[in-house]
Amino acid sequence: MKVAIISDIHSNLIALEAVMDSIRDEGVDRIFCLGDIVGYGARPNECVEMIQHHNIPCVMGNHDEAAIGLRNIGYFNQWARAAVLWTSDNLNDNSRRYLGGLEFTLEHEGMLFVHSSPFEPQAWHYIFTDYEASASFRCFKQRVGFIGHSHIPDIFSEPGSGRLIVNVGSVGQPRDHDPRACWGLYDTDSNDFKWMRVEYRFAETSAQIIAAGLPGFLADRLRSGI
Ligand code: ZN
């Protein structure tokens with residue numbers, strides 16, 4: 001089975017459309033989403049509708065959670081906080097209901113899906129190191145755990161077992177100095193994983209962000225992938 005995993009769309013509809021085209025070209029069997037559908041960009045409702053339209057199972061991200069007001073936002077930096085407040089003001093009832101119904105983890109045939117980390121998924125920990133990954137390997141039993149959250153494509157393997165934690169990167173706001181949208185392609189039979197990179201019209205997303213009155217930095221960063 002070929003599986004596409006997408007994460008951290010962040011209201012970037014143009015990037016999401018480009019990624020959906022790329023996924024269709026690969027002929028995948030299933031698609032999963034790791035959350036942060038909204039936050040940062042200017043098309044939150046359209047991105048939620050796209051995920052709904054394609055019936056893509058999705059887990060809760062910290063921006064999704066913050067935008068529907070489930071938690072305080074004191075831990076966000078100034079740009080993220082401004083984006084959360086804007087998103088909260090601009091979500092429609094459908095988006096609010098959909099995001100409010102998301103679970104923190106999903107599993108399917110040997111795969112775990114979670115936004116931040118298998119260890120305490122609701123605490124929004126980052127996994128950047130093997131040490132941080134080791135705490136998470138103890139918290140799930142599947143062969144591979146897929147994560148997002150940092151927007152940095154990365155892979156961690158558990159010594160001895162070959163189990164993996166894979167960060168699939170970000171559709172809508174890559175931060176690895178590559179501005180192209182990123183998604184993950186996984187073959188459950190061969191256990192092969194690869195990151196797919198897709199050009200999209202980031203200048204249009206940036207223009208939408210500026211037009212919406214969101215911080216200019218959120219528009220500028222898309223060009224350099226930071
Ligand atoms: Zn994110």
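This report looks at a zinc site and at one helix, α4, in a predicted model.

**The zinc site**

Four protein side chains hold the zinc ion as donors, at 2.0 to 2.4 Å from it. Here they are by donor atom:

| Residue | Donor atom to the zinc ion |
|---|---|
| Asp8 | OD |
| His10 | NE2 |
| Asp36 | OD |
| His151 | NE2 |

Read along the chain, these donors are spaced D-x1-H-x25-D-x114-H. Asp8 and His151 bring distant parts of the chain together, sitting 143 residues apart. Asp8 comes from the loop between β1 (2-6) and α1 (13-26), while His151 belongs to the loop between β5 (144-147) and β6 (154-157). Is this pair buried or exposed? Asp8 has a relative accessible area of 0%, so it is buried. His151 also counts as buried, because its relative accessibility is 1%.

What about the geometry? The angles among the four donor atoms run from 87 to 179°, and the site is irregular.

**Helix α4**

Now over to α4, which covers residues 78-90. This helix has 13 residues and spans 18 Å from first C-alpha to last, close to the 18 Å expected at 1.5 Å a residue. At its N-terminal end, Asn77 acts as a cap, with a side-chain oxygen 3.1 Å from the backbone nitrogen of Trp79.

Which residues of α4 are buried? They are Ala80, Ala83, Val84, Trp86 and Thr87. In an α-helix there are 3.6 residues a turn, so residues three or four places apart point the same way. The buried residues of α4 pack against three other helices: α2 (44-53), α3 (62-67) and α8 (216-224).

Terms used: Residues numbered from 1 in each chain as written. Predicted model: local features only at pLDDT ≥ 70, side-chain atom pairs only at ≥ 80, totals over all residues. Heavy atoms only, no water. Helix = DSSP H or I, 4+ residues; strand = E, 2+ residues; numbered from the N terminus. Expected span 1.5 Å × (residues − 1). Buried < 20%, exposed > 50% of the residue type's maximum accessible area, 1.4 Å probe, protein only. Contact = heavy atoms within 4.5 Å. Polar contact = N/O pair within 3.5 Å; in protein donor to acceptor, adjacent residues only side chain to side chain. Donors = N, O, S within 2.8 Å, 3.2 Å for Na, K, Ca; no water. Tetrahedral: all angles 85-135°; square planar, octahedral: opposite > 155°, others 65-115°.
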